[in-house]
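The following exchange examines how structural labels are justified by computed values. Each answer sets a value against its criterion.

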Amino acid sequence: PADLTTKKIGEYTFIGPVCVATYQGLYSLLNTPNDDGQYPLEWYRKLRYVVFDEIHFLYSDALFNPICGHLLKKLPVVFSSVIRIYMTATPWEIKDEIFLAEQNARSNKDFLSLTPIEQKISEYSGYVPNDYPIRRKFLYYHMDADYSSYRLHFFYDDSDEDEEEFPFIDFEKIQNMLYHPLIREMKPLPSETNKWLIFVDKKNLGKKLIKQLKAKAVSVAYVDAKKRTPKDVWNHLITKESVDASVLIATSVIQNGVNIHDPNAHHIGIFCTDRTSFIQELGRKRLDNGEIVDLWVWVPHKEYFEKMERKIKWHLHIATSLNSDNNNLTPRYAKAVKELWENTAMVNYPALFYVNRQGQFRANEYALEVLKKQLCFIQEFTHKYNPLSFESTVQEWLGIRQTQDVPEMPKTTLDELLKQNAGKILSEEAFSPIRQAIIYYALKKTDSYIPPKRRPKASAVSLNPMLTKLGLPYTVKKAKKVWTITPTTPPAIK
């Protein structure tokens, strides 16, 4: 449905013998008792098949929607006598959760392997339907995706690594630096025949991009869970699978089920570090045969991953403490956390906490496990950070290798190059192989990193920290279009 209000997404529809429902509608259906107060389990067991499409929703939305863990636990039990089909293009995280839920369901008193009629037939005649063994198996089918239609690009937050000593003020460069790095990559600017789809992880980032694009006279449409600009953009997306604006900026709200089939959309920009969200956002743009799309992926700073790690650890500490037998939170601290949750809905993870029937403040166990998995992924980048590792992760997701990201191995060792050229005045051409050698060894032996497209003109601001990390006693400097290499004297030991 185009209407995503709470009332509409909670509805379900019967089309002949088929019931079609959203997960919110299914939750409502499973939790609506009869007039006698009983839940109509027998009705569900008359079904032959049940298909759960976009099942990854129960994982990707677990920290924001409290029904996810409840549904995942209940579906295998309620539909235990039915052939269950789980479908998603992003199964990596959810498949293990489904398998665990299916295993646990078998110990539930309401779990049935046969429909009530089949159960009676088997009891009286000893006959078991031919497909009974199939219902007892968990079969997993995987089909590889082809991402060869995407030209992969990475973009980075601003840094000072390209700063140099300029004999004049470059006003054009200064003005350009006022724009977001992704917008600076838009050459030519978006238009009716050169559209961009941009998926943001934060609403504030979306607002910033909108403001800067409008400053360049680019038309922009925006969609999140509560706001749509212009107002008809959502209906246009659903009914025509396109947008009139040159740029569509959206949050994860359109990850599930929204198709964009617009031949004029040639670029996709993605700001996220989660594989399921990444692939789902990528898949919103439907490709025609032979169509090639430029994919622009944000590479976060180390500080981004460190901030995420701190945030997740804090929430995990609170959540595990609340659920432990010997709750080590003082009553005052626990009360303060509860008030924070009640007043702000724990903006980051609103479904992580809840108040149980006894009025106790508790953590959602399923959401807690999801958060632990997120922490493990984030720590892959905080323990030994190198932007190249995140780029490699994205390339692995897509089955794409960017061989041009690996600099060519220098013919002469770096030590020899620095020693031979120390004290000399070097032209840009003469300094180029030295720069190449510094970058090669820094990438290979340290956690240093510089984006591929910046390597040919890497400045002293970038190169000197690399020399320090390599433990080489030299500094490089550029002034008046020439380079010099100077040995550094270690401080005298007192």
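Q: What makes Tyr49, Val51, Ile85 and Met87 a nonpolar surface patch?
A: These residues form a nonpolar patch of about 370 Å² on the surface. A patch consists of residues with over 30% relative accessible area and no salt bridge, in which like charges are joined within 9 Å and nonpolar side chains (Val, Leu, Ile, Met, Phe, Trp, Tyr) within 5 Å. Accessible areas follow the Shrake-Rupley method with a 1.4 Å probe, and for residues only the protein chains shown count as cover. Tyr49 belongs to strand β3 (residues 49-52); strands (E, at least two residues) and helices (H or I, at least four) are DSSP runs, numbered from the N terminus.

Q: On what kind of model do these statements rest, and which limits apply?
A: The model is predicted: local features require pLDDT of at least 70, side-chain atom pairs count only at pLDDT 80 or more, and totals for chains, interfaces and linings use all residues. Residues are numbered from 1 along each chain as its sequence is written, and side-chain values use heavy atoms, with hydrogens and water left out.

Q: Why is the pair Arg151 and Asp294 called a salt bridge?
A: A salt bridge requires a side-chain nitrogen of Lys or Arg within 4 Å of a carboxyl oxygen of Asp or Glu. The N to O distance between Arg151 and Asp294 is 2.9 Å, so the pair meets this criterion. Arg151 lies in strand β5 (residues 150-156) and Asp294 in strand β11 (residues 293-299), so the bridge ties together parts 143 residues apart in sequence. The structure holds 11 salt bridges.

Q: How do you know whether Arg151 and Asp294 are buried or exposed?
A: Buried means under 20% relative accessible area, exposed means over 50%, and partly exposed lies in between (1.4 Å probe, protein chains only). Arg151, at 45%, is therefore partly exposed, whereas Asp294, at 9%, is buried.

Q: Why are Glu291 and Lys285 both counted as buried?
A: Glu291 has a relative accessibility of 10% and Lys285 one of 3%, so each value satisfies the criterion for buried residues. Their side chains meet in a salt bridge at 2.8 Å, N to O.

Q: What makes Glu428 and Arg435 a salt bridge, and which residue joins them in a network?
A: The closest N and O atoms of Glu428 and Arg435 are 2.8 Å apart, which satisfies the salt-bridge criterion. Lys478 is linked with both in a network of salt bridges. Glu428 is partly exposed at 28% relative accessible area, while Arg435 is buried at 3%.

Q: How do you know which residues Arg435 touches?
A: A contact means heavy atoms within 4.5 Å. Not counting residues up to four places away in sequence, Arg435 touches residues including Arg455, Pro456, Leu463 and Trp483. Arg435 is located in helix α19 (residues 428-445).

Q: Why is Leu388 called partly exposed?
A: Its relative accessible area is 26%, so Leu388 falls in the partly exposed range. Leu388 is in helix α17 (residues 387-398), and its C-alpha atom is 8.8 Å from that of Val299, 89 residues apart along the chain.

Q: What share of the protein chain counts as buried?
A: Of its 494 residues, 44% count as buried. The chain contains 20 helices and 16 strands.
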